[in-house]
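Work through the exercises below with the model open. Each task is followed by a solution in steps.

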Amino acid sequence: MFDAPIVLFLVGGALLVGGAELLVRGASRLAVAVGISPLVVGLTVVAFGTSAPELAVTVGSSFAGESDVAIGNVVGSNIFNVLFILGVAALIRPLRVAQQLVRLDVPLMIGASVVTLVLATDGRIGRLDGALLAAAIVVYTVFLIRKSRGESATVTLEYEEAFAAPSRRHPAVDVVSMLAGLGMLVVGARWLVQAAVDTAVALGVSELVIGLTIVAVGTSLPEVATSVLATVRGERDIAVGNVVGSNIFNLLAVLGFGSLVSIDGLAVSDGALSFDMLVMLAVAVATLPIFFTGHTIARWEGAVFLAYYAGYTGYVVLDAAAHPASWALGVAMLWFVLPLTVVTIVVSLARALRAR
């Protein structure tokens with residue numbers, strides 16, 4: 001139907017974003033209508049719904065045998081979510097969270113990153129690995145629902161203001177909205193993956209690079225909209241919870257179901273295993289202050305996160321072009337910048353705990 005990959009990509013991306021919006025809105029209204037608390041809706045339906053594009057693209061890539069696009073999409077999205085989205089949100093308004101679940105979710109996100117890295121060490125996330133990850137997302141969801149009952153009144157009120165708006169529409173309209181959103185996600189994912197593969201071939205770069213950059217950013221647009229808008233409104237728990245919850249969903253559900261639908265699982269390239277997945281883990285560790293102090297990111301830390309994302313993207317692009325500077329930039333990030341950041345975070349946490 002379309003000849004130019006750029007047109008196919010833009011239309012596919014628009015369908016993904018629009019489909020996620022329809023799916024989230026319809027599902028949220030139905031959930032509230034049947035008596036599910038707005039807090040649970042925000043922690044599950046909204047956070048997971050914004051990751052629907054990643055799920056659609058990864059499953060579609062798995063069916064098409066494009067493992068690099070599938071892996072790159074998840075890893076790149078997780079890096080983008082923390083460094084770019086939380087970085088921008090912190091620049092708008094310094095982030096502090098009262099939500100206990102966010103603090104618990106951060107070590108879970110780090111743990112999921114470690115487990116994913118370990119499962120990928122043999123060069124493949126197989127179907128058995130996928131079953132393990134998929135089972136973990138079920139356990140995680142039950143954990144969220146049970147723990148949400150003990151959340152503070154302040155946090156509960158914040159979620160009620162965001163998600164408890166009564167719907168005057170007939171429930172059938174919300175069902176149609178969900179179905180339309182799912183349809184748009186399926187078609188959009190198919191077109192986006194095809195455009196990504198065609199672009200990689202045309203530019204002479206790997207599909208992993210396209211997945212880590214263009215596809216990852218495109219599928220993360222719902223998270224951008226949700227978190228930035230929540231920050232502007234002062235709903236900082238929602239802004240942070242959406243990013244952390246989406247990252248956990250990406251690792252457990254998206255990779256889990258993506259590897260389950262593929263006969264041989266998802267192949268993990270040496271480049272992704274030796275660099276990109278390590279960066280993803282380091283980025284997850286960088287959010288540890290939430291776990292100990294309830295403090296997420298100050299404005300200056302948001303600026304650092306954005307600078308890190310620019311440096312990471314610069315490395316990926318330079319490496320794809322076989323530029324001599326890519327090696328030096330990669331070594332600097334992997335062996336100096338990221339370790340120094342982790343040490344700084346550990347020292348600041350130790351001081352905060354000692355001050356208590």
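Two residues are in contact when they have heavy atoms within 4.5 Å. The model is predicted.

**Exercise 1. The whole chain**

Task: State what share of the contacts with a separation of 6 or more joins residues 24 or more positions apart, and how many helices and strands the protein has.

Solution.
- Step 1. Take the contacts with a separation of 6 or more; residues 24 or more positions apart account for 86% of them.
- Step 2. Count the elements: 15 helices and four strands.
- Step 3. Turn to burial. Of the 356 residues in the protein, 52% are buried.

**Exercise 2. Helix H3**

Task: Compare the span of H3 with the expected value, then list its buried residues.

Solution.
- Step 1. H3 has 13 residues. From first C-alpha to last, the helix reaches 18 Å, close to the 18 Å expected at 1.5 Å a residue.
- Step 2. The buried residues of H3 are Ala52, Pro53, Glu54, Ala56, Val57, Thr58, Val59, Ser61 and Ser62.
- Step 3. Look just past the helix. Gly65 takes a positive phi of about 75° there.

**Exercise 3. Two residues in helices**

Task: Explain why Thr58 and Ser148 count as buried, and find what each touches.

Solution.
- Step 1. Thr58 lies in helix H3. Its relative accessibility is 0%, so Thr58 counts as buried; the cut-off is under 20%.
- Step 2. Set aside neighbours within four places in sequence. Thr58 is then in contact with Ala70, Asn73, Val74, Val254 and Gly258.
- Step 3. Ser148 belongs to helix H6, residues 127-148. Ser148 counts as buried because its relative accessibility is 8%.
- Step 4. Again leave out residues up to four places away in sequence. Ser148 touches Leu39, Val40, Leu43 and Leu101.

**Exercise 4. Nonpolar cores**

Task: Which residues have the most contacts inside the largest nonpolar core? Follow the contacts of Leu255.

Solution.
- Step 1. The largest nonpolar core has 77 residues. Those with the most contacts inside it are Ile71, Ile79, Leu83, Leu255, Val268 and Tyr312.
- Step 2. Ignore neighbours of Leu255 within four places in sequence. Leu255 is in contact with Ile71, Val74, Thr116, Ile125, Leu133, Asn250 and Leu266.
- Step 3. Apart from the largest core lies another, of 20 residues. Among them are Leu8, Phe9, Ala20 and Val205.

**Exercise 5. The second largest pocket**

Task: Give the volume of the second largest pocket and describe its lining.

Solution.
- Step 1. The space in this pocket is about 500 Å³.
- Step 2. Its lining has 24 residues, of which Leu55, Ala56, Leu185, Val186 and Ala189 lie nearest the centre.
- Step 3. Assign helices. H1 (5-33), H2 (38-49), H3 (52-64) and H8 (171-203) each supply at least two lining residues.
- Step 4. Sort by class: 18 nonpolar, four polar and two charged.

**Exercise 6. The second largest cavity**

Task: How many cavities of 30 Å³ or more does a search of the whole structure find? What lines the second largest cavity?

Solution.
- Step 1. The search finds three such cavities. The second largest has a volume of about 40 Å³.
- Step 2. Its lining consists of Asn78, Ile79, Val82, Met109, Ser113, Asn247, Leu251, Met280, Val283 and Ala284.
- Step 3. H4 (67-92), H5 (100-119), H11 (236-260) and H12 (270-285) each supply at least two of these residues.
- Step 4. By class, the lining has seven nonpolar, three polar and no charged residues.

Methods:
Residues numbered from 1 in each chain as written. Predicted model: local features only at pLDDT ≥ 70, side-chain atom pairs only at ≥ 80, totals over all residues. Heavy atoms only, no water. 1 Å grid on protein atoms, 1.4 Å probe; cavity = no way out; pocket = protein on both sides within 12 Å on 5 of 7 lines; lining within 4 Å. Points joined across faces, edges and corners; volume = space filled by probe spheres on them. Nonpolar A, V, L, I, M, F, W, Y, C, P; charged D, E, K, R; others polar. Expected span 1.5 Å × (residues − 1). Buried < 20%, exposed > 50% of the residue type's maximum accessible area, 1.4 Å probe, protein only. Core = buried A, V, L, I, M, F, W, Y, C linked by side-chain atoms within 4.5 Å.
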